[in-house]
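Here is a colleague's note for someone opening this entry without having worked on it before. The points are numbered and may be followed with the structure on screen.

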Amino acid sequence: MTNQDNAKKLAGEASLSHIENGMTIGLGSGSTVYWMIRKLGEHARAGLDVKGIPSSWQSAAWANEYGVPLTDFSEAQKLDVAIDGADEVDGQWDLIKGGGGALAREKIIAAAARKFVVIVDESKLVSRLGDFKLPVEILPFGWEATAGQIAELDCNPILRCNDDNSVFVSDNGNYIVDCDFGAIQEPTTLHQQLKQLTGVVEDGLFPDMADEVIVGYHGRVEVLRG
Ligand code: 5RP
């Protein structure tokens with residue numbers, strides 16, 4: 001295991017301190033969340049009574065594999081806690097997410113949670129958001145026009161493709177454009193500008209949403225609380 005994988009594993013597993021019997025948990029997406037789901041499955045198999053709402057097919061598959069019972073929003077509209085990774089975390093705990101393309105479901109889950117816990121390895125900490133290209137999920141219909149509107153906010157949106165050059169399609173059946181805005185001075189303002197555009201489903205900025213950030217380093221974790 002690499003040092004970075006070790007850091008992700010420690011951060012993911014440390015987040016289980018937020019979980020109690022009877023909770024409904026938002027399961028984020030990504031390789032850090034993998035470790036959280038795997039550990040949660042161990043506890044569930046040992047008798048912990050929890051249910052998860054997954055933010056992606058991949059997370060649902062991991063939950064099924066490791067024994068985390070799943071539910072959905074028809075049964076629970078409020079979650080006790082959501083635990084998710086991030087692509088960048090700044091000093092105010094504003095986030096860029098969506099590297100895996102699950103940003104829309106991840107944001108719905110985070111917004112429905114009483115507590116939103118972010119788990120990252122140290123490489124995700126930044127002084128200012130924007131080195132990581134901002135993922136924006138858009139409707140396939142007229143995507144070129146929507147990308148054109150996004151470009152007017154002063155970036156160059158690139159349609160996300162798979163390794164075989166086919167267009168990447170999100171779990172919601174939408175496209176993602178990855179947008180280089182340079183250093184993002186005002187995450188909340190940019191988020192609001194993007195959300196106003198017709199054709200935009202969701203953007204990967206999560207300003208002012210995180211309640212706690214658990215940072216994994218090789219061999220230890222640090223818990224950042226407000
Ligand atoms: C997926 C995400 C992930 O949480 C983010 O990409 C971090 O992933 P990882 O834990 O693999 O570094 O937002 O849409």
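**Notes on strands, cores and rings**

1. Ile-25 stands opposite Gly-52, a residue of strand β2. A further position of this kind is Leu-27, which stands opposite Pro-54 in β2. The two strands concerned, β1 and β2, pair in the parallel sense, and four bridges are found between them. Please keep in mind throughout that this is a predicted model.

2. The wider setting of that pairing is an open sheet of six strands, in the order β2-β1-β3-β6-β12-β13, with mixed pairing. Its edges are formed by β2 (51-54) and β13 (220-225), each of which pairs on one side only. On average, and with direction ignored, neighbouring strands of this sheet are turned by 20 degrees against each other. Helix α1, made of residues 3-14, lies across β6, β12 (212-217) and β13, and it runs at about 145 degrees to β12.

3. Is β1 covered on one face or on both faces? Both faces are covered, since Thr-24 and Gly-26 on one side are buried, as are Ile-25 and Leu-27 on the other. The background to this reading is that side chains in a regular strand alternate between the two faces of the sheet.

4. Ile-25 and Leu-27 also appear in the largest nonpolar core, which has 23 residues; they are listed there with Ile-19, Met-36, Ile-37 and Leu-40 as the residues with the most contacts inside it. At least two residues of this core are supplied by each of β1 (24-27), α2 (31-45), α3 (57-66), β3 (81-84) and β6 (116-121). Helix α2 gives the largest share, namely seven residues. Apart from this core lies another one, of 19 residues, and among them are Ile-53, Ala-82, Leu-95 and Ala-110.

5. Met-36 may be worth selecting on its own in order to follow its surroundings. When residues up to four places away in sequence are not counted, Met-36 touches Gly-12, Ser-15, Leu-16, Leu-27, Ile-83 and Ile-119.

6. The loop between β1 and α2 is the place of Gly-30. With a relative accessibility of 32%, Gly-30 counts as partly exposed. Gly-30 and Ser-56 are 26 residues apart in sequence, while the distance in space from C-alpha to C-alpha is 9.2 Å.

7. How many aromatic pairs does the structure hold? It holds five. One of them is formed by Tyr-34 and Trp-62, an edge-to-face pair with 5.1 Å from centre to centre and 70 degrees between the planes. Because Tyr-34 lies in helix α2 and Trp-62 in helix α3, this pair ties together parts that are 28 residues apart in sequence. Both rings belong to buried residues, Tyr-34 having a relative accessibility of 17% and Trp-62 a relative accessible area of 15%.

8. Tyr-34 takes part in an edge-to-face pair with Tyr-66 as well, where the centres are 5.9 Å apart and the planes make an angle of 75 degrees. This pair again links distant parts of the chain, with Tyr-34 in helix α2 and Tyr-66 in helix α3, 32 residues apart. Tyr-66 counts as buried, its relative accessibility being 15%. Tyr-34, Trp-62 and Tyr-66 form one aromatic cluster together with Trp-35.

9. Two charged side chains should be looked at together with rings. Lys-107 lies over the face of Phe-206, at 4.9 Å from the ring centre. Arg-160 lies over the face of Phe-168, in this case at 5.4 Å from the ring centre.

10. Finally, strand β9 (residues 175-179) deserves a separate look. Five of its five residues are buried, so the strand is largely enclosed by the rest of the structure. Its two faces are both covered, with Tyr-175, Val-177 and Cys-179 buried on one side and Ile-176 and Asp-178 buried on the other.

11. Which strands are joined to β9 in the antiparallel sense? Strand β7 (residues 134-138) runs antiparallel to β9 and is joined to it by five bridges, and Glu-137 has Ile-176 as its bridge partner in β9. Strand β8 (residues 158-159) also runs antiparallel to β9, with two bridges between them, and here Leu-159 stands opposite Val-177.

Note on methods:
Residues are numbered from 1 along each chain as its sequence is written. This is a predicted model: local features need pLDDT of at least 70, side-chain atom pairs count only at pLDDT 80 or more; totals for chains, interfaces and linings use all residues. Side-chain values use heavy atoms; hydrogens and water are left out. A nonpolar core is a set of buried Ala, Val, Leu, Ile, Met, Phe, Trp, Tyr and Cys residues joined through side-chain atoms within 4.5 Å. Buried means under 20% relative accessible area, exposed over 50%, partly exposed in between (1.4 Å probe, protein chains only). Contact means heavy atoms within 4.5 Å. Rings of Phe, Tyr and Trp (its six-membered ring) pair if their centres lie within 6.5 Å; planes under 30 degrees apart count as stacked, over 60 as edge-to-face and the rest as tilted. A charge sits over a ring if NZ of Lys or CZ of Arg is within 6 Å of the ring centre and within 35 degrees of the ring normal. Two strands pair if DSSP finds at least two bridges between them. Axes are lines fitted to C-alpha atoms, for helices over the stretch in contact, and angles run from 0 to 180 degrees between N-to-C directions.
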